[in-house]
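Please read the following walk through one protein model with the sequence and the coordinates open beside it. The paragraphs begin at the bound ligands and then move to the interior and to some local details of the chain.

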Amino acid sequence: PKIYFVTPTYPRREQAAELTRLGQTLMHVPDIHWIVADDNQSCNAMVAKLLKKFGIPFTHISSPMPEVYRKANIVPRGVANRRAAINWIRKNAQHGVIYFGDDDNTFDLKLFEEIRDTKKVSMFPVGLIGDYAVSSPILKEGKVIGFFDSWPSKRKFPVDMAGFAVNVEFLLHPNATMPYKAGYEEDQFLRSLGLALEDIEPKADSCTQILVWHTQTSKKVSPTIRIGSELDTSLKDLLEE
Ligand code: UGA
Ligand code: MN
């Protein structure tokens with residue numbers, strides 16, 4: 001089965017570096033289709049140019065976050081664009097496996113072998129996340145009986161976006177959707193598929209291995225917006241010369 005690897009992405013100074021690292025990981029994966037979903041009014045030309053370099057099959061789509069959510073206290077990141085990718089898959093794919101791979105995460109190539117035969121929904125641990133440093137399903141006699149996650153928050157499926165893969169046929173559930181609700185995107189998406197605990201297929205050697213890490217690149221504020229700072233003043237002097 002083909003893997004549809006869905007990456008929400010948005011413009012900021014780290015973007016080209018993130019997508020280059022990710023693209024060069026995906027170059028090693030057979031039978032993959034990369035859906036790069038731009039949180040932007042239209043497809044970013046820099047991203048479009050970058051994607052061609054890897055020589056892997058891809059689709060570049062755009063769907064910006066609605067303004068009302070951008071103003072929220074905690075914004076639901078990557079929802080509009082993931083929704084657009086889900087719609088694309090529902091229209092264009094009959095079979096395969098969908099995985100949400102954020103542009104800043106780190107992926108072991110073994111992950112792709114593990115998720116490829118997902119029947120409904122597979123799950124596995126995610127490293128470097130939350131206060132416990134790992135989020136994982138808990139197994140008993142090979143079956144998922146609960147979850148280890150530092151932020152349970154009444155979620156039925158307290159997992160990270162990087163911690164599961166879904167069979168495309170299972171995604172065709174008529175109610176399948178991802179909510180604009182920060183922190184609850186994963187849980188409500190999995191619930192919308194009608195997922196039951198018994199349906200979950202544990203991967204990564206019975207969830208004992210970490211094959212994906214929730215790495216985060218430290219952000220630096222652009223100097224031009226630090227109005228009045230020394231650097232800003234010297235830049236202005238330079239420009240005026
Ligand atoms: C965590 C989860 O790992 C995400 O999958 C989840 O979407 C997010 O929380 C959330 O609930 O909001 P985190 O590392 O905190 O992720 O968030 P980011 O990596 O900043 O964003 C997740 C993805 O959305 C990335 O691929 C990023 O490029 C994209 N994104 C972020 C957008 O498309 N638009 C934005 O405004 C921000
Ligand atoms: Mn992230």
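The place to begin is aspartate 104, which sits in the loop between β4 (97-100) and β5 (106-107). This is a predicted model, and in it the manganese ion (ligand 2) is coordinated by Asp104 through OD atoms, at 2.2 to 2.8 Å. Aspartate 104 also belongs to the surroundings of ligand 1, since among the 21 residues around that ligand, Pro8, Asp39, Asp102, Asp104 and Asp160 come nearest.

Several polar side chains approach the oxygen atoms of ligand 1. A polar side-chain atom of glutamate 185 lies 3.1 Å from an oxygen atom of the ligand, while histidine 214 places a side-chain N or O atom 3.0 Å from an oxygen atom of ligand 1. For glutamine 216, the separation between a polar side-chain atom and an oxygen atom of ligand 1 is 3.0 Å. On its own, ligand 1 has 690 Å² of accessible area, and the protein covers 92% of it.

From the ligands we turn to the nonpolar interior. The largest nonpolar core holds 31 residues, of which Met123, Phe164, Phe189 and Leu190 touch the most other members. Helix α4 (residues 79-92) supplies the largest share of this core, with four residues. A second core of 28 residues is separate from it and includes Phe5, Leu50, Ala165 and Leu211. Looking at phenylalanine 164 in particular, and leaving out residues up to four places away in sequence, one finds that its contacts include Tyr99, Phe100, Val121, Met123, Phe189 and Leu190; Ser122 and Glu186 are also among the residues that phenylalanine 164 touches.

Helix α4 can be followed further through arginine 90, which is found in that helix. Is arginine 90 buried, exposed or partly exposed? Its relative accessible area is 29%, and arginine 90 is therefore partly exposed, the limits being under 20% for buried and over 50% for exposed. Beyond its neighbours within four places in sequence, arginine 90 is in contact with Leu171, Leu172, His173, Pro174 and Ala176. One of these, histidine 173, is 83 residues away along the chain, yet the two C-alpha atoms are separated by 9.8 Å.

Asparagine 175 lies in the loop between α6 (168-171) and α7 (185-192). With 51% relative accessibility, asparagine 175 counts as exposed. Its C-alpha atom is 6.8 Å from that of leucine 193, although the two residues are 18 apart in sequence.

Threonine 59 offers a contrasting setting, in strand β3 (residues 58-62). Threonine 59 is buried, because its relative accessible area is 14%. Its side chain and that of histidine 33 are joined by a polar contact of 2.6 Å. Setting aside residues up to four places away in sequence, threonine 59 touches His33, Trp34, Ile35, Val36 and Trp88.

The last stop is helix α8 (residues 204-207), where aspartate 205 is found. Most residues other than glycine have a negative phi. Aspartate 205, however, has a positive phi, near 50 degrees, and cysteine 207, also placed in helix α8, has a positive phi near 60 degrees. Cysteine 207 counts as buried because its relative accessibility is 12%.

Conventions
Residues are numbered from 1 along each chain as its sequence is written. Chains are lettered from A and ligands numbered from 1 in the order in which they are written. This is a predicted model: local features need pLDDT of at least 70, side-chain atom pairs count only at pLDDT 80 or more; totals for chains, interfaces and linings use all residues. Side-chain values use heavy atoms; hydrogens and water are left out. Donors are N, O and S atoms within 2.8 Å of the metal (3.2 Å for Na, K and Ca); water is not among the atoms, so sites may look incomplete. Helices (H or I, at least four residues) and strands (E, at least two) are DSSP runs, numbered from the N terminus. Buried means under 20% relative accessible area, exposed over 50%, partly exposed in between (1.4 Å probe, protein chains only). A polar contact is a pair of N or O atoms within 3.5 Å; within protein, one must be able to donate a hydrogen and the other to accept it, and residues adjacent in sequence count only if both atoms are side-chain atoms. Contact means heavy atoms within 4.5 Å. A residue is near a molecule or strand if one of its heavy atoms lies within 4 Å of it. Accessible areas come from the Shrake-Rupley method with a 1.4 Å probe; for residues, only the protein chains shown count as cover. A nonpolar core is a set of buried Ala, Val, Leu, Ile, Met, Phe, Trp, Tyr and Cys residues joined through side-chain atoms within 4.5 Å.
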